[in-house]
Amino acid sequence: MENITFNMAQLHQYGSAFYDFLRLRKRFFVDQLGWDIPHDDDVEMDQYDNPKARYSLVLRDGQVIGGGRAMATDVKWGSHTYMLRDAVAGKIIGIPADIVPKIAVTPSVWECTRVVIADEVDASDRAECLALIVDGLVDEARGQGATEMMALSRPSLVRALRKIGYNAGYIGAPYTNCHDGRRYVAMSMPAERIDRSAQLSEKVSRLPQATHMSQPQAVHAPSVI
């Protein structure tokens, strides 16, 4: 897996990756969850896909298998700001106006939206894919002065973020989405990049030591992945 990050001025550098991300979003949010959001037969794209947004995508063998979007909470594009602020202002149907206790309007707080991982990514790879997506979003936000990230997500995402090292927590009361019947909640976490090399070293140190000598491998034999 590899991670790419960009804004709209840079998306041409990555071929069809951005459009493929919109395709993935359509398959998940529209086709699977049934959300009533702007889309056509191929892609989903809304008012927050604008020059203020930053993207973090994960590719495997050249194919987009996951991604997410982020923008600062002080941005404005036409009559729209960012999703949670617009929801509180009553501009988004289905999200309660009291979803967060306080609205952030500052370049130090960024909102993440449309985080998605393709169904074909199996359970053993999903944590790595999520980590690459979020690490990329954090890097993009921190590069613009962010100290905190926020999002509207399933409660399970908070637990998944904690497992990969991020200090995520709830900042509002959960609600049930009228389109898919699932529960969602506002969350936040520090925009601090996680160094997973220490975690990997700790896991390796905990592995049991071999009690016998391993057999040598032929130098021309292909690796099994």
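1. R114 lies over the face of F29, at 5.3 Å from the ring centre, where a charge counts as sitting over a ring if NZ of Lys or CZ of Arg is within 6 Å of the ring centre and within 35 degrees of the ring normal. The model is a predicted one, in which local features need pLDDT of at least 70 and side-chain atom pairs count only at pLDDT 80 or more, while totals for chains, interfaces and linings use all residues. Residues are numbered from 1 along each chain as its sequence is written, and side-chain values use heavy atoms, with hydrogens and water left out.

2. R114 deserves a second look for its backbone, since its phi is near 55°, a positive value in a residue other than glycine. Most residues other than glycine have a negative phi. The place of R114 is in strand β4, residues 109-117, strands being DSSP runs of E with at least two residues, helices runs of H or I with at least four, both numbered from the N terminus. Because its relative accessibility is 8%, R114 counts as buried, a word that stands for under 20% relative accessible area, with exposed for over 50% and partly exposed in between (1.4 Å probe, protein chains only).

3. D61 also has a positive phi, near 55°, and is likewise not a glycine. Is D61 buried or exposed? With a relative accessibility of 76%, D61 counts as exposed, and its place is the loop between β2 and β3. There, β2 and β3 form a hairpin with two residues between them, D61 being in the turn.

4. The strands around this hairpin can be followed through their bridges, with two strands taken as paired if DSSP finds at least two bridges between them. Strand β1 (residues 2-7) and β2 run antiparallel and are joined by six bridges, one pairing being that of F6 with its partner Y55 in β2. On the other side of the hairpin turn, β2 and strand β3 (residues 63-72) also run antiparallel, joined by seven bridges, and R54 stands opposite A70 in β3. Strand β2 itself, residues 54-60, is mostly covered, as six of its seven residues are buried.

5. How many aromatic pairs does the structure hold? There are nine, counting rings of Phe, Tyr and Trp (its six-membered ring) whose centres lie within 6.5 Å, with planes under 30 degrees apart called stacked, over 60 edge-to-face and the rest tilted. The ring centres of F28 and F29 are 5.0 Å apart and their planes stand at 80°, so this pair is edge-to-face; both F28 and F29 are buried. W35 and Y184 form another edge-to-face pair, with 6.1 Å from centre to centre and 70° between the planes. That pair links distant parts of the chain, 149 residues apart, with W35 in the loop between α1 (17-32) and β2, and Y184 in strand β8 (residues 183-190). W35 and Y184 are both buried. F6 and Y55, named above as bridge partners, belong with Y14, F18 and F21 to one aromatic cluster.

6. L84, in helix α2 (residues 83-88), is buried, with a relative accessible area of 0%. Which residues does L84 touch, leaving aside its neighbours within four places in sequence? It is in contact, meaning heavy atoms within 4.5 Å, with I99, V100, I103, E111, M150, A151 and L152. A151 is 67 residues from L84 along the chain, yet their C-alpha atoms are separated by 8.0 Å.

7. In helix α4 (residues 155-163), the buried residues are P155, V158 and L161. They lie on the same side of α4, because they cover an arc of only 115° around the axis, the arc being that of the directions from the helix axis to the C-beta atoms. What covers them includes α3 (123-142), β5 (148-153), β6 (169-170) and β8. R162 lies over the face of Y170, at 5.9 Å from the ring centre. After α4 comes G165, with a positive phi near 110°.

8. A last point concerns the cysteines. The structure holds zero disulfides, a disulfide being a pair of cysteine sulfur atoms within 2.5 Å. C112 is buried, with a relative accessible area of 11%, and C129 is buried with a value of 0%.
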